Every structure is written in structure tokens, then in C-alpha cells.
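Dear colleague,

I am handing over a structure for you to look through at your own pace. Please open it first, and then read my notes beneath it.

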There are 2 protein chains.
Amino acid sequence: MKNSNFSRRDFVKLSMVGAGALALGGVNAQAAVSSKDVKFDEEWDVVIVGSGFAGLAAGITAAEKGNKVLILEKMGRIGGNSVINGGLFAVPNNDKQKAEGVKDSNELFIKDCLKAGRGLNHVDLIDTIATRAQDAYKLTIKCGVKYIDKLSHLGGHSVPRTVQTTNGSGSGIVQPMVEYFKNLQGAELRQRAKFDEFVLGEDGGVEGVIIRENYKFDSNSLKDDVENTSGEKKTIKAKKGVVLAAGGFCRDVFFREVQDPSITKETDSTNHPGATAGAMKEAFRIGAIPVQLSWIQFGPWACPDEKGFGVGSLFNVNASFRYGISVNPKTGKRYMNELADRRTRAQAMFRVIGTDGNYPINFCDSNGVKALLPEQLEKPLNSGILKKFDSIDEIAAFYKIPADELKKTVERYNGFVKAGKDDDFGKPLDKTTTDGYDVSKPPFYAMRGTPKLHHTMGGIDINTKAQVISLKTEMPIPRLFAAGEITGGVHGASRLGSVAIADCLTFGMIAGENIG
Amino acid sequence: MKNSNFSRRDFVKLSMVGAGALALGGVNAQAAVSSKDVKFDEEWDVVIVGSGFAGLAAGITAAEKGNKVLILEKMGRIGGNSVINGGLFAVPNNDKQKAEGVKDSNELFIKDCLKAGRGLNHVDLIDTIATRAQDAYKLTIKCGVKYIDKLSHLGGHSVPRTVQTTNGSGSGIVQPMVEYFKNLQGAELRQRAKFDEFVLGEDGGVEGVIIRENYKFDSNSLKDDVENTSGEKKTIKAKKGVVLAAGGFCRDVFFREVQDPSITKETDSTNHPGATAGAMKEAFRIGAIPVQLSWIQFGPWACPDEKGFGVGSLFNVNASFRYGISVNPKTGKRYMNELADRRTRAQAMFRVIGTDGNYPINFCDSNGVKALLPEQLEKPLNSGILKKFDSIDEIAAFYKIPADELKKTVERYNGFVKAGKDDDFGKPLDKTTTDGYDVSKPPFYAMRGTPKLHHTMGGIDINTKAQVISLKTEMPIPRLFAAGEITGGVHGASRLGSVAIADCLTFGMIAGENIG
């Protein structure tokens, strides 16, 4: 898609042969540890791997049932990708929809997900989210999470159904949930504690985990899971079971390239550096079923002028794509429905970018940025990646876009907004989506756009109770649960924006309900 | 894509909970066996799982180096899918191309594969096929395989580069190779011998296998690998290693639906009943890397009026798609490039079929069927799935196609043939592809067409030496090799016709070269 397919893969895979490979190949390549052969250093009811949305929801739900719960976090910082995401949470049939007069249904939500997912979704799992996301939403409110009143309408959703935290970040969910969890009886969240292996019982189910404490993740290593030996080993019993909530693998350079060789080590991602496949691989080694691993999603709303998710992505998510347009600077024309699903948009953007870095320009007017929280506008303006212009001509001059074409494009789009119908790309332009805003009121705000690796659709197969299924028995692996991005099948080929939080919180909560 | 996504998945995955699930979940869910804990009943240098193209190529190559080689075949019949396939083998830069004046190159072959594979291919692996398929072709000739002189031009290939066995079947390759193998010193092919588990050594590498002899595959079971307990256990040492050549999983009802929920248990497949995921799953359990499992290919050339690959598929592969056309019976019009890659064609056909079984009609004239071996015409005629007609009007009347539209379509296509250019769908119509044949010379031959599940693109990750890579170490798992459909990454999203034999024979041969 982007770079040559001839990459480091051969180098990595062929660099060790002969005796050296045998020796190294042997390290930890052995099969799982049996509980007969270990002495446990600690004993808990429930052990959870990962402290993001899924892990916290599982931890709170399990601890409120009276379980002694330990959450393990390998990083020094709590919350993984959850704490740096945009705090956008799709809740079908929520109270704010009723207030705004938006008609939604479980069926419509499922239909939207299936369309984006190219029909590859495990429908039982989306159906579960449709039914239970409300409960997960209430759980967050109980923990003290605050949402703004206005709904967001994200790409691929037929109607606005997305609530947003008041601070415009997932940290607005993670922080209150961490506080809530820590105050529960028998609950502990341990940082720099890296899950290494499972301990299996006589019945083939999970009885505990081997971890390392005082682990120091190495952001400079491209293969931390393989090479990093820091920390001290500890063996922990999990009497009622383990919940894997360790997230996706967008930053696992080796594993992501095996799944999609068009992704090279240079490909930027919105994810935090610890988003590797280590925990998921251990699940495969005890018989979890790998599902749809090659579907790796690019978020179409990032900016090439900063690293990672940065401070610019939310300008596009919340303002430019909904209230403005994206144009190809070479032609001055729109080239996509700015509210299509992520995969459709990312593919359209890559065609514009081509091989010569011809990044699309996303912009909206001063009405459009009203939807942003103050810092969502100030931060990218201050960093210089978002520019302010007094006229369309100024935008054209700055980005070297043919000015006449660009003005024609804006006029044409404004006509579509007036008519409530986009004849060119079918973007939804009804009042609930665009609030009637066209692109006409100066100042204008513009940013270069690019897709970045954002979410790995694939992962471990689970059922609607968040139990991990065994490929050997086709039944649940006793006492093993998983939730969130580490699982696969929910989103199929492509996830809709704001369904990640719904997925993580809902299945985390369900894992907590069913464990023990 | 075809059926409802609400299927048996929930039933299967939720049918056992509580104590029952625990008990059953425990059966064989334990991790791999250590060589310290077993007594070997037999000792071989090399053990190969599977007796199709890949297994035979590996077996012959390994045995010719002086190794004692045992090939295990779980079925009563030798050769898996290889023996029922069409015997079409893509060999870039072969001698017959030179004779026919066809210009080919490694680069063109790789480009064709990458286009069909949507860029997901592991290019190092296709490159290896481009370079070594010639050697695999020579190996088959050494074993006594005979090919017809005329090249085939299959969908998605830029040029004719496919050789075909004289009997128009993969059996024309399998049978001579089996004879050749059996005559080698220290070589044995054992039927009804089912591979169950690996035995691992101290270094984490493979030291042997646990099998069952006198195993009786149960075609009536939808989950033979899980439920079938027939046969007697035997533990076999493989001093120099094991080659997995057990094929794909098109007939594994549970596993294929997990990967692609649009595939239900009713979905027909061209594969033999034993094409399940059992051996591949064992590889995952000792740390093999799952690659691109959700890409499952439909062969677009099957017939809905018979089961499986049947006797009709080769009429479409060799005659109707190359020398004739495929039309939508509702409109009488063509709807695709009949020589596009398989995924493109299958998707176009599913759009025609829709939900009401409106199967496309594939037909050609009496020149078109000249490319068929006698039995490729007689068998489908005798079974009644292929019909013979004296005029286009008769075809229209029989299949209830608007006659005027159909005649217009044929005229238009014949004009394209004359001009050497298909203005509607870009089918290659140069002389080397169509021999100048249009659709005009009675009698005409027609058949209803449908895609059927044919090949699983995904599987185990290997390097160019056919070594299986470990997800734990990112290095080769000592003494474990794999080749053919059980591997993943070669074909990316969609395999071109006749590249399966190239893949299986080439990597089988390479596994045999590198083992021991």
C-alpha cells in the first residue's frame, strides 16, 4: 500500500540459522508451565492483564462481587492506549440521543458495524455490545466519569450516537475508574508488572500467571517482548481466573508486518509504545484461537506533521470531517465522503498521498470548530500543525492548491449542505449531523491529514461471556477471559470510530461479571 | 456475503458451560509433550504430515539425501486435495512458453501475484516460487509426470504460464510421485495415520510426533479433529525434523466460520472432507505464527448443480472463461472479466447470485472446448450439468435469458475478440490467450456457475527455507518445517489459479532440501 514489500522481514527471519538459532530458539519456546511444577508467591481471586478500559471495567466488576483483584500493568504509566484516545464512546440508544431527537436502534448499530466490517464481524459479539453498552456507560458514570451534552457523529455511523468525555480524552474515563477501583476492598493495581506466561492446571485451564515486577519497558527496542529481560520473576495464583485486557499490537513491528507486509517499521501509529503482541501470543500458545489478525486499521484523521495520535487528530475527528471537507491539494477537489468508515477513508487518502507525500488538506470554518473543546483547538494551533486563514484563497496559496478549483469545490459542497444531500460522495448532511454548517464563515482552520496505524481488529476468539475459546476443544478454556482490543471478531475488517470504548468497557464488564 | 451471520457459532461456543465444559475443556488442552516424558515406538530421520504435493516433494527430496523418511496420511486415500485438483501448475519462464513465444519474467509473475493478493503477500516467499518453480517442475518430470504441450492461461495471469498434466488432474502428478517415493531407500508412506501432537526437545524444537494408526476419518462429523478417538496411539521420533504438509482448512466448519462468519456450515467447498485445521492448530500450540487466516478463497468456476469440485469445474477453468463468456441470466449481459483473479470474479458472481439463486451462465462454442481433454467435456455432459445447444437462441430459451440481449452480448464480445480488446471489462483477448476464438461456431456448451470455497490463504508463517517461525522468539522453531496450503502469506488476500501447485511443490522441495 505504501512502501516496498522488500523489508526487514527476511533479515529478521533469516538472520539466525544453525547453532545460534537453536540456542536462542529454545529460550522460552517450551510449552506452558504446569501448576504442579510451581510454588506460588501470591494468591488472588482474579488477575487482570492490562489497565485500560477493558481491564478497569473487569477489575471493578469482579472486585464489587467480593473478589480479591490484581490488575497488572507492564508500563510505568496506567491506561495504555485508553488514556491517550479521544474519549469518544458509542452508546446505541443513549439518553442524549433522546434529548437530541436522534432515532437509534440495536439493529441500526449492528448494520453500521457490519457494513464497515465487510461482513466479517462476529455478529453475536456486536449484538452483545448493542445490548450491554448502556450498562457499561452507567458503570462509568457511577465511577464519576463526566460526558459533554452534545453527541458526536463519527464516520460510518448512520446517526450521532457517540458521547464524549468532558476533557476530550479517554483519560476522562480511565482516571475516575482507576480511583474507583483502588478504593474497592482487596483491589490492587500494580505498575511495571509484566505478564510473561500462564500456569495451567490439570484440567488445561488457567491457574495463575508468571510475571516480572520492576519491569522496565524499552521503547528503543523493536522487539521488547523478545529481548527485554528486566525485572524479577514472581508466580501468582489466580484462583478464579485471569482476564486478558492487554490491548492490540499496532506497535509490534515484527508481528504487524507478518500480518500485513505493506506495514513497515517506518509506518507511524497513534498507539503508545507498549502496544505489542506479547500477551496475545501467550494466549495462542495455550490454545486460544487467532482471529482475523491481518485486518489492521489506519485512523484516517491523523496529521503527518506530528508523531502518533498527537494533538491534531481530534480536530479532524470532531470538526473538519464533520463540518468541513478534505481536498486533494493537486486538484483542489474533494475525493471522499469525509464521514465514511475508517478503512474507506484511509484507502481514499492513501490514493491521494500516492508515493510523493501529497497529503490531503482538511479544513472547516469558524462554525465548525465550535464543536471542539478549547484545548482541541488551542493545542494544534500552538504546535503549528493547524493553521488559521481569513479566506479560501489564503488556504489555496499556503498549501499550493489551485485556487479557482478550491473555491468551486467549497461552493459545490456548500450547495450540498443547503440541499441536505452530497451528490458526489454521499456524506450524510442532515441537520443532526452538520448542524446546517457549511464552509463559509472566516476564519478557516486547515491541517494536513494522513492515516496512521490505529487499531488491530484481530486477536483472540471469545464468546459472548468473554470466555476465551480453545482451538483444541472448541470450548471455553477454563478460567480464561479476554476483553477489548486483544480480542478479535467484534469489528470484522474495520472498526467504526468510538466503538472501541464500547467494546472494551462492555466486554471488560462482562468478563468481570462471569469470572469467579 | 451469502447467508445470515446468525449461525451455529453461538450454539457451538455456548453449548457447554459449567462443570461439563471444564471437564471437556481439559481433554488435550494441556501444552505440548516433552521428549523427557515419552518412550519412542519408532525412529525416523524425517516425518512428514500429509501426502499431497508438498509432502511428496519434501519426502522425495529428503529421502534422496539418504534420510529415512516417513510420510503420514490420515485418510485412507493418498494425496488430499492434490489428487482431485485440476493438475494446473504455474511455472514462470518455462520451456513451453519459449515454444509458444510467450514472454514471461519473475517480476511479471510477482506483480500478478501481488495484484491478486492485494499487496498482502509475503514477497520473499513469492519470489522464492518465481525462482525455484522450475526446479520443482523438473523434479516432477524426473518422477515421470507428463504434461500436455499447450499452455493454459488462467485468470489474473498476465501471460499463459501454466502447464497441465496429460490427465487433466493433480493425480497425474501425485501418482508418479508416490511411486517414485515408495521406491526410494528407507521411505514409507503410511495411510490412516493421524498426526495428533508434537513432542518437544529441551531446546524447544520438535523431536517427534504422537500419532494414531488405523485411524478412521469420520466424514459425518463436523468436528472430526475434536471428537474422533479412533486408532491406536504411537510415539515416533523424528531425528532431523518434521515437515507439516497437511493442507488447508476449507472443510473445517468451526474454524473457517470463526475466521469468516459469512461462511456457514452449508457453504459448499471443492475440497476433500479431510481438509481440516487439526495439524495447523497443533503448530500454533507450540508457537507457530498464525498469518492471514481470514482470507479464504472461493473458486469462481464451480457448478451449483453438483457437489464439490465435481466434473464441471475444469470446463470453466479451461474453456468457458478463456474462450467464452459468463452472463447474468436476468439481463443477458456479461458482468465481469472472465479472466480476472479469483476474488474479483467470486465477488462479481455473488453479486449476480444475490439471495435468489440467480446463477450466472458460462458458455463457449465448439472451438472453445477444443482446449479440453476428452473427459473434461464428456463427464459433465454425461452428468447433465453441461448442456449442448445449436444456437444462442436455444441457450437463451433453456436458461430463461432475454434472447435479444444475449445475442447482442455475444456480438459485442465477438467484436472485442476481433479487435483484440475488451472495452467492457478488460479481459485479455490477445491471440496467445484466446487463439482468436470468438463465440460463434455451434454447437455451444453452457453450464450454471457458482463460486465454492477452494483455498485457505492463511496458515503458518515460514521463511524462504520453509522453516516455521516462532512467535515467541521470532526465529525458526528448531527442526520444524512447513509447506503448501498449511502455510500463510504466499498468496496474500487471494491466490491466482495454478500457483497452489507451484507453492506446494516448491516449498515441499525446499523443506526436503533444508531438513537434516
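The notes below cover confidence, then one helix, then one serine.

Please keep in mind that this is a predicted model. The predictor gives the complex an ipTM of 0.85 and a pTM of 0.88. Chain A averages a pLDDT of 92, and 94% of its residues score at least 70, but over residues 1–29 of chain A the pLDDT stays under 50, although the model has 71 contacts beyond four places in sequence for that stretch. Where pLDDT is low, the predicted coordinates should not be read in detail.

In chain B, I looked at helix α13, which spans residues 374–383 and has Gln376(B), Leu377(B) and Pro380(B) as its buried residues. Seen down the axis of α13(B), these buried residues fall within an arc of 95 degrees, so they line one face of the helix. An α-helix has 3.6 residues a turn, so residues three or four places apart point the same way. The buried residues of α13(B) pack against β5 (162–164), α11 (313–323) and β16 (444–448) of chain B, while the face turned away from the buried side carries the exposed residues Pro374(B) and Asn382(B). After α13(B) comes Gly384(B), which has a positive phi, near 90 degrees.

In chain A, the loop between α9 (253–259) and α10 (278–285) holds Ser262(A). Is Ser262(A) buried or exposed? With a relative accessible area of 3%, Ser262(A) is buried, and its side chain makes a polar contact, at 2.7 Å, with the side chain of Asp260(A).

With best wishes

Definitions and conventions
Residues are numbered from 1 along each chain as its sequence is written. Chains are lettered from A and ligands numbered from 1 in the order in which they are written. This is a predicted model: local features need pLDDT of at least 70, side-chain atom pairs count only at pLDDT 80 or more; totals for chains, interfaces and linings use all residues. Side-chain values use heavy atoms; hydrogens and water are left out. pLDDT is the predictor's confidence in each residue, from 0 to 100. Contact means heavy atoms within 4.5 Å. Buried means under 20% relative accessible area, exposed over 50%, partly exposed in between (1.4 Å probe, protein chains only). Helices (H or I, at least four residues) and strands (E, at least two) are DSSP runs, numbered from the N terminus. The arc is that of the directions from the helix axis to the C-beta atoms. A polar contact is a pair of N or O atoms within 3.5 Å; within protein, one must be able to donate a hydrogen and the other to accept it, and residues adjacent in sequence count only if both atoms are side-chain atoms.
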